[in-house]
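Please explain how this protein is put together, beginning with its overall organisation and ending with the details of one helix.

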Amino acid sequence: MRTSRQVVDYSLQKRAVLRDLHAGRVGTYDVCDASPYLKNAARFHGEPTEQRCPICRSENLIHVHYIYGDELRQSAGQARSLAELPVLAMTLREFQVFVVEVCPGCDWNHLVEQFLLGRDGLAEGGPEQGTAEATTAATQGRRREAQR
């Protein structure tokens, strides 16, 4: 998505948790603890991935996208499908998205990343906006020359 910004990737934290699990410092029950709400969100709103679960290695992981923001009011904290995010990004000024991976088999879950979406990201002068500004400036310059 072209308006995503302030992306935080939690892959290093995930690797540390898995290292602790394989070293025996953490038990399987400590990391495979998905709540029933998270499992239902994965079932109804999740996006299947091609990644295998790092614990059971028998199921593919599902990504669940949770949204938070002041403009969302009662919708804050809801899981949304990936297809809904661009529509929300064009209608709302700014909201935060948290992506959680879930294994439906063993209940592994971990925060994958978080990022911001919304119209405020369009005002930061991305490549599309820079081109439009240059075109507008050139048009205004031609108008001034024509008036003289």
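The account below moves from the whole chain to its cysteines, its aromatic rings and helix H1.

The model is a predicted one. The protein contains five helices and six strands, and along the sequence these elements follow the order β-α-α-α-β-β-β-α-β-β-α. Of its 148 residues, 33% count as buried. Among the contacts with a separation of 6 or more, 59% join residues that lie 24 or more positions apart. The accessible surface amounts to about 9,500 Å², and carbon and sulfur atoms contribute 50% of that area.

The cysteines come next. A disulfide is a covalent bond between the sulfur atoms of two cysteines. With a cut-off of 2.5 Å between the sulfur atoms, the count of disulfides is zero. Cys 32 takes part in no disulfide, and the nearest cysteine sulfur, which belongs to Cys 106, is 3.9 Å away. Cys 106 is likewise in no disulfide; for this residue the nearest cysteine sulfur is that of Cys 53, at 3.5 Å. Cys 32 has a relative accessible area of 13% and is therefore buried, the limit being under 20%.

The aromatic rings provide one pair. Tyr 68 and Phe 98 meet edge-to-face, with 5.6 Å from centre to centre and 85 degrees between the planes. Because Tyr 68 belongs to strand S3 (residues 60-68) and Phe 98 to strand S5 (residues 95-102), the pair ties together parts that are 30 residues apart in sequence. Both partners are classed as partly exposed: Tyr 68 has a relative accessibility of 39%, and Phe 98 has a relative accessible area of 21%.

Helix H1 can be examined in the same manner. This helix comprises 13 residues (residues 11-23), which at 1.5 Å a residue should span 18 Å; the end C-alpha atoms are 18 Å apart, in agreement with that expectation. Which residues of H1 are buried? They are Lys 14, Leu 18 and Leu 21. These residues cover an arc of only 55 degrees around the axis, so they lie on the same side of H1. The spacing has a general background: an α-helix has 3.6 residues a turn, so residues three or four places apart point the same way. On the other side of H1, Leu 12 and Arg 15 are exposed. The buried residues of H1 pack against helix H2 (28-31), S3, S5 and strand S6 (109-117). Strands S3 and S5, which carry the aromatic pair, are thus among the packing partners of H1. After H1 comes Gly 24, with a positive phi near 90 degrees.

Methods. Residues numbered from 1 in each chain as written. Predicted model: local features only at pLDDT ≥ 70, side-chain atom pairs only at ≥ 80, totals over all residues. Heavy atoms only, no water. Helix = DSSP H or I, 4+ residues; strand = E, 2+ residues; numbered from the N terminus. Buried < 20%, exposed > 50% of the residue type's maximum accessible area, 1.4 Å probe, protein only. Contact = heavy atoms within 4.5 Å. Areas by Shrake-Rupley, 256 points an atom, 1.4 Å probe, with all protein chains shown as cover. Phe/Tyr/Trp six-rings, centres within 6.5 Å; stacked < 30°, edge-to-face > 60°. Expected span 1.5 Å × (residues − 1). Arc of directions from axis to C-beta.
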